[in-house]
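Me: Please examine the side-chain contacts of the model shown below. A short series of questions follows.

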Amino acid sequence: MTAFPMPETGRLVARPRAPLSLPLLAGLAACALLAGCNTVENVASPDVTNAPVLGFANMEPGSEEAFMLNVGRRTYFTPGSADIDETARMTLDKQAEWLKTNRTWYAKIQGFADDPGSTGDNTALSTRRANAVMAYLVGKGVAPNRLWAKGYGTERKVRDCAEEECKAQNRRVVTNLREERER
């Protein structure tokens, strides 16, 4: 029983309470649980755009992780081409600056292909792509003795697929940092 005021007199009158339905009770319980999870004090989201990402908070400047996260190590190519486009240049410019600043690192430039043609054609194309990236980095001031290139053709595909959007992921050059030059 719940007491309600009567509109005419303002006196409290006891009336039976309407039973709560099971779905209504379940909804109220869910709201109560969620309300406890959605308070400002419990939110772990950073309040700035450039806040450290969890897992990278202790990333050392000049580390391989910093290179991969802040610079990027992949450049992509159009089918059958080893020409460096504007998008690739933006990444390679950042790579060159990073490598000039962090002179203890060497870089293995690995080229890949997923283009029509024979295995030999794809290996030659991937080598041209790797050499083009290496030449670009040298042209931007990276010491040539810190870089070497290798083409892998269609080996080491990111994805094995027939769709063009998927195959495009395999037409790439990856700049991999090394602590010493491979022999």
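Me: In this predicted model, does Lys100 count as buried, partly exposed or exposed?
Reply: The relative accessibility of Lys100 is 23%. Buried requires a value under 20% and exposed a value over 50%. Lys100 therefore counts as partly exposed.

Me: Which residue meets Lys100 in a salt bridge?
Reply: The N to O distance of this salt bridge is 3.0 Å. The two residues are 3 apart in helix 3, so about one helical turn separates them. The partner, with a relative accessible area of 46%, is partly exposed. The residue that meets Lys100 is Glu97.

Me: Which residue forms a salt bridge with Lys108?
Reply: Lys108 lies in strand 4, and its partner is 74 residues apart in the segment after strand 6. Lys108 is buried at 9% relative accessibility, whereas the partner is partly exposed at 35%. The closest N and O atoms are 3.3 Å apart, and the partner is Glu182.

Me: Which residue is linked with Lys108 and Glu182 in a network of salt bridges?
Reply: Glu182 also meets this residue in a salt bridge, at 3.3 Å from N to O. Its relative accessibility is 26%, so it counts as partly exposed. The residue linked with Lys108 and Glu182 is Arg178.

Me: What is the angle between the ring planes of Phe112 and Tyr152?
Reply: Both residues are buried, and their ring centres are 5.4 Å apart. The pair is stacked, which requires planes under 30 degrees apart. The angle between the planes is 15°.

Notes
Residues are numbered from 1 along each chain as its sequence is written. This is a predicted model: local features need pLDDT of at least 70, side-chain atom pairs count only at pLDDT 80 or more; totals for chains, interfaces and linings use all residues. Side-chain values use heavy atoms; hydrogens and water are left out. Rings of Phe, Tyr and Trp (its six-membered ring) pair if their centres lie within 6.5 Å; planes under 30 degrees apart count as stacked, over 60 as edge-to-face and the rest as tilted. Buried means under 20% relative accessible area, exposed over 50%, partly exposed in between (1.4 Å probe, protein chains only). A salt bridge is a side-chain nitrogen of Lys or Arg within 4 Å of a carboxyl oxygen of Asp or Glu. Helices (H or I, at least four residues) and strands (E, at least two) are DSSP runs, numbered from the N terminus.
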